[in-house]
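These are my notebook entries on a structure that I examined by calculation. I set down what I looked up, topic by topic.

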Amino acid sequence: MTSFAPLRKKYGDINTLFLSHTPFVVLHGYPVTREALVQSAVEFAGRPVLPIVEWFIHGLGIIMAPYGPSWKQQRRFALTTLRNFGLGKRSIEERMLEEATCLVRVFQETEGKPFDPKCKVSNAVSNIICSFIFGNRFEYSDARFQYLLSLISNNMRLTGSVAAQIFNMFPFVRYFPGPHQQIGRAH
């Protein structure tokens, strides 16, 4: 991060940068970062509200939801539910080992030929989560499972696209046609 070094010299260990109308706090160095994330965790717990994300989560969820009472309640519910499903118990290890075995088998089927592991690794990670939540895994050839994974992948790609960045800067674009409309329809 040498590009931030001049800012540190000029303004100190804590800086605020504005990207469009959204402030971003930049922390320089371990002591300041530790103080912010451990000792002052509540003050630094928030995330920027991105219009493209807000459009389809409506303030709900845990990962991209704004920090507040709703987030705390949903996080508490999710952790309790995951513990009830066995989070932190040996059964997860066994499921991960089972999926790792399946993944190794799929890699071996390529017989040393070049391939893109992204799809297969994504399948494996998703299968671990599905096995954990639903109690069973999906075959890598399952068409419905592949369709679900393609929807997730496509939304992630669209959310990081130029169209989505323009949407974040000018939310009124929501009412115009364009590729960002695919994200709005996916929920």
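In what order do the elements of the protein run from the N terminus on? I read the order as α-β-β-α-α-α-α-α-α-α-α. I note at the outset that the model is predicted.

**Entry 1: overall form**

I counted nine helices and two strands in the protein. I then looked up the radius of gyration, which is 21 Å for the protein. The globule rule gives 16 Å for 187 residues, and the computed value is well over that, so the protein is more spread out than a compact globule. For the extent along the principal axes, I found that the C-alpha trace spans about 55 × 45 × 40 Å.

I also looked up burial for the chain as a whole: 24% of the 187 residues count as buried. For contacts, I took the pairs of residues at least 6 apart in sequence; 39% of these contacts join residues at least 24 apart.

**Entry 2: helix α8**

Which residues of helix α8 are buried? I find Ala163, Ala164, Phe167 and Asn168 in this helix, which covers residues 162-169. I asked next where around the axis they sit: their arc is only 140°, which puts them on the same side of α8. As for their partners, the buried residues of α8 pack against α3 (51-57) and also against α7 (143-159).

**Entry 3: the second largest pocket**

I looked up the volume of the second largest pocket and obtained about 300 Å³. Which residues line the second largest pocket? I list Thr22, Pro23, Phe24, Val25, Leu37, Phe44, Gly46, Arg47, Pro48 and Val49. Strand β2 (residues 22-27) supplies the largest share of this lining, namely four residues. By character, I sorted the lining of this pocket into seven nonpolar residues, two polar and one charged.

**Entry 4: the cavity**

How many cavities of 30 Å³ or more does the structure hold? I found one. The volume of the largest cavity is about 40 Å³. I recorded Pro48, Val49, Leu50, Val53, Glu54, Ile57, Met64 and Pro66 as its lining. Pro48 and Val49 thus appear in the lining of the largest cavity and in that of the second largest pocket. The lining of the largest cavity divides into seven nonpolar residues, no polar residue and one charged residue.

**Entry 5: single residues**

I looked up Glu93 and placed it in helix α5 (residues 90-108). Is Glu93 buried, partly exposed or exposed? With a relative accessible area of 45%, Glu93 is partly exposed, because that class lies between the cut-offs of 20% and 50%. I then took the separation of Glu93 from Phe107: the two are 14 residues apart in sequence, and their C-alpha atoms are 21 Å apart in space.

Glu111 drew my attention for its backbone, since its phi is near 55°, a positive value in a residue other than glycine. I located Glu111 in the loop between α5 and α6 (118-134). Its relative accessible area is 62%, so I class Glu111 as exposed.

Gln39 I found in helix α2 (residues 30-39). It has a relative accessible area of 58% and is therefore exposed. How far apart are the C-alpha atoms of Gln39 and Gln165? I obtained a separation of 33 Å for these two residues, which lie 126 residues apart along the chain.

Terms used. Residues are numbered from 1 along each chain as its sequence is written. This is a predicted model: local features need pLDDT of at least 70, side-chain atom pairs count only at pLDDT 80 or more; totals for chains, interfaces and linings use all residues. Side-chain values use heavy atoms; hydrogens and water are left out. Buried means under 20% relative accessible area, exposed over 50%, partly exposed in between (1.4 Å probe, protein chains only). The arc is that of the directions from the helix axis to the C-beta atoms. Contact means heavy atoms within 4.5 Å. On a 1 Å grid over the protein atoms alone, a cavity is a set of points where a 1.4 Å probe fits but cannot get out, and a pocket is an open set with protein on both sides within 12 Å along at least five of seven lines; lining residues have an atom within 4 Å of a point. Grid points are joined across faces, edges and corners, and a volume is the space filled by probe spheres set on the points. Ala, Val, Leu, Ile, Met, Phe, Trp, Tyr, Cys and Pro count as nonpolar, Asp, Glu, Lys and Arg as charged, and the others, Gly among them, as polar. The radius of gyration is taken over C-alpha atoms; the globule rule is 2.2 Å times the number of residues to the power 0.38.
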